[in-house]
Amino acid sequence: MVAVQPVGQYVTVQLLPEPPKSSILEVVSANADMTQRATVIAVGQGVPDLLPGQTVLCRPLQGHYIGDLLLLPQSAVIATVEP
């Protein structure tokens, strides 16, 4: 894994695998890749409300991949969620 320390209002995250699909119910969405869960790896000094280790919902299409990690602007993080 590449060590990346974001600066300013950026966050480094690692995307989490999608939860298993239900064998009973199928949800069809045209925007399936728009929002994903991720674990915060590091935060820039301009991001006061996130901590490494938190699970968040984010918009990965707004970021840049650096190895296995994703560098996102803080605005691409939508919410924190329970792991």
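Among contacts between residues at least 6 apart in sequence, 60% join residues at least 24 apart. This figure, like every value below, comes from a predicted model. The chain counts 83 residues, of which 30% are buried. About 5600 Å² of the chain is exposed, with carbon and sulfur atoms supplying 57% of that area.

Turning to secondary structure, the chain holds six strands and zero helices. Read from the N terminus, the elements accordingly follow the pattern β-β-β-β-β-β. An open sheet of six strands is found, ordered β4-β5-β1-β2-β3-β6 and paired in the antiparallel sense. The edges of this sheet are formed by β4 (64-66) and β6 (77-81); each has a single partner strand, so one side of each is left without a neighbour in the sheet. On average, and with direction ignored, neighbouring strands of the sheet are turned by 45° against each other. As a helpful reminder, strands of a sheet pair through backbone hydrogen bonds, in either a parallel or an antiparallel arrangement.

It is worth pausing at β1, which sits between β5 and β2 in the order of the sheet. Strand β1 (residues 10-15) and strand β2 (residues 36-43) run antiparallel and are joined by five bridges. Two residue pairs help to locate this pairing in the model. Val11 has Val43 of β2 as its bridge partner, while Val13 stands opposite Val40, also in β2. Towards β5, the pairing of β1 is again antiparallel: four bridges connect it to strand β5 (residues 69-73). Here Tyr10 stands opposite Pro73 of β5.

The loop between β1 and β2 offers a further point of interest, for it is where Met34 is placed. Is Met34 buried or exposed? With a relative accessible area of 33%, Met34 falls in between and counts as partly exposed, since buried means under 20% and exposed means over 50%. Which residues does Met34 touch, once its neighbours within four places in sequence are left aside? The contacts of Met34 are then with Cys58, Arg59, Pro60 and Leu61. Gln62 can be added as a distance reference: Met34 and Gln62 are 28 residues apart in sequence, and their C-alpha atoms lie 9.5 Å apart in space.

Methods. Residues are numbered from 1 along each chain as its sequence is written. This is a predicted model: local features need pLDDT of at least 70, side-chain atom pairs count only at pLDDT 80 or more; totals for chains, interfaces and linings use all residues. Side-chain values use heavy atoms; hydrogens and water are left out. Two strands pair if DSSP finds at least two bridges between them. Helices (H or I, at least four residues) and strands (E, at least two) are DSSP runs, numbered from the N terminus. Axes are lines fitted to C-alpha atoms, for helices over the stretch in contact, and angles run from 0 to 180 degrees between N-to-C directions. Buried means under 20% relative accessible area, exposed over 50%, partly exposed in between (1.4 Å probe, protein chains only). Contact means heavy atoms within 4.5 Å. Accessible areas come from the Shrake-Rupley method with a 1.4 Å probe; for residues, only the protein chains shown count as cover.
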